[in-house]
Amino acid sequence: MSAVRMLRAGPERSAVHSRAGLPPAEAPGAAAYKEVLGRFCTGLTVVTSSHAGEPVGFTCQAFSALSLDPPEVLLSVQQTSTTWPRIREHGRFGVGVLAAGQEELAQALARSGTDKFRDVDWRPSPTGLPRPEGLLAWIECELVREVVAGDHLLAIASVRALEPLAETAPLLYFRGRFLSAGGAA
């Protein structure tokens with residue numbers, strides 16, 4: 001794998017919009033931030049890899065397509081994550097898009113400090129990455145770079161392979177609860 005570049009957040013090199021004349025904005029508190037941003041419905045993914053011959057992974061709701069040319073995706077990872085450094089070390093990882101009904105999988109990989117894969121049905125992908133059963137889609141990635149952004153890292157990865165797996169409703173996350181496209185899960 002090529003070396004992963006770590007970039008620190010900093011002032012913009014060229015501003016598109018001027019803030020001249022605007023009063024400084026006060027940052028909202030954590031509770032208000034969570035209350036308002038929790039109203040933004042997201043899909044859910046699981047990010048998986050292997051470390052020392054064992055499957056590792058975590059649940060990620062901050063995932064998105066980034067670029068079509070070249071094909072890249074972006075995910076946001078807490079800097080305090082103990083799983084991400086093991087995935088980073090491997091350099092390649094899979095992103096599984098969760099289907100309605102996969103709440104247990106989302107909760108299993110959201111745990112910390114436990115054997116997350118103990119009750120997870122999975123098989124190796126064609127390249128050997130742990131791929132949970134029942135996913136909507138599978139995306140295999142190679143880490144390109146990370147950008148420090150507040151208390152998170154933005155991981156940018158090139159897409160190496162992808163596959164649609166099912167035609168069903170997605171698992172969604174809204175205001176701290178799981179939903180399916182048709183309503184509460």
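Me: Buried means under 20% relative accessible area. With that cut-off, what share of the 185 residues in the protein chain do buried residues make up?

Reply: Happy to start there, and please keep in mind that this is a predicted model. The protein chain exposes about 11,400 Å², with carbon and sulfur atoms supplying 54% of that area. Of its 185 residues, the share that is buried comes to 34%.

Me: How confident is the predictor, and over which residues does pLDDT stay under 50?

Reply: The mean pLDDT of the protein chain is 87, and 86% of its residues reach 70 or more. Where pLDDT is low, the predicted coordinates should not be read in detail. That caution fits a stretch for which the model has 0 contacts beyond four places in sequence and where pLDDT stays under 50: residues 10–16.

Me: How many helices and strands does the protein chain have?

Reply: Contacts give some background here. Among those with a separation of 6 or more, 65% join residues 24 or more positions apart. As for the elements themselves, the protein chain has 3 helices and 14 strands.

Me: Which elements each supply at least two residues of the largest nonpolar core?

Reply: This core has 19 residues, and those with the most contacts inside it are V47, F58, L75, W84, I87, F93 and C141. Leaving aside neighbours within four places in sequence, L75 touches residues including V47, F58, W84 and F93. Apart from this core lies another, of 14 residues, with L98, V120, L135 and F178 among them. Back in the largest core, the elements that each supply at least two residues are β4 (54–60), β6, α2, β7 (92–97), β10 (137–149) and β11 (152–164).

Me: Is C141 buried or exposed?

Reply: Let's compare it with a second cysteine. C41 has a relative accessible area of 33%, so it counts as partly exposed. The structure holds 0 disulfides. C141 has 0% relative accessibility, which is under the 20% cut-off, so C141 is buried.

Me: Where is S81, and which residue's backbone nitrogen lies 3.2 Å from a polar atom of its side chain?

Reply: S81 is found in the loop between β6 (72–78) and α2 (84–90). Its relative accessible area is 18%, under the 20% cut-off, so S81 is buried despite its place in a loop. A polar atom of the S81 side chain lies 3.2 Å from the backbone nitrogen of T83.

Definitions and conventions
Residues numbered from 1 in each chain as written. Predicted model: local features only at pLDDT ≥ 70, side-chain atom pairs only at ≥ 80, totals over all residues. Heavy atoms only, no water. Helix = DSSP H or I, 4+ residues; strand = E, 2+ residues; numbered from the N terminus. Buried < 20%, exposed > 50% of the residue type's maximum accessible area, 1.4 Å probe, protein only. Polar contact = N/O pair within 3.5 Å; in protein donor to acceptor, adjacent residues only side chain to side chain. pLDDT = per-residue confidence, 0-100. Contact = heavy atoms within 4.5 Å. Areas by Shrake-Rupley, 256 points an atom, 1.4 Å probe, with all protein chains shown as cover. Core = buried A, V, L, I, M, F, W, Y, C linked by side-chain atoms within 4.5 Å. Disulfide = S-S within 2.5 Å.
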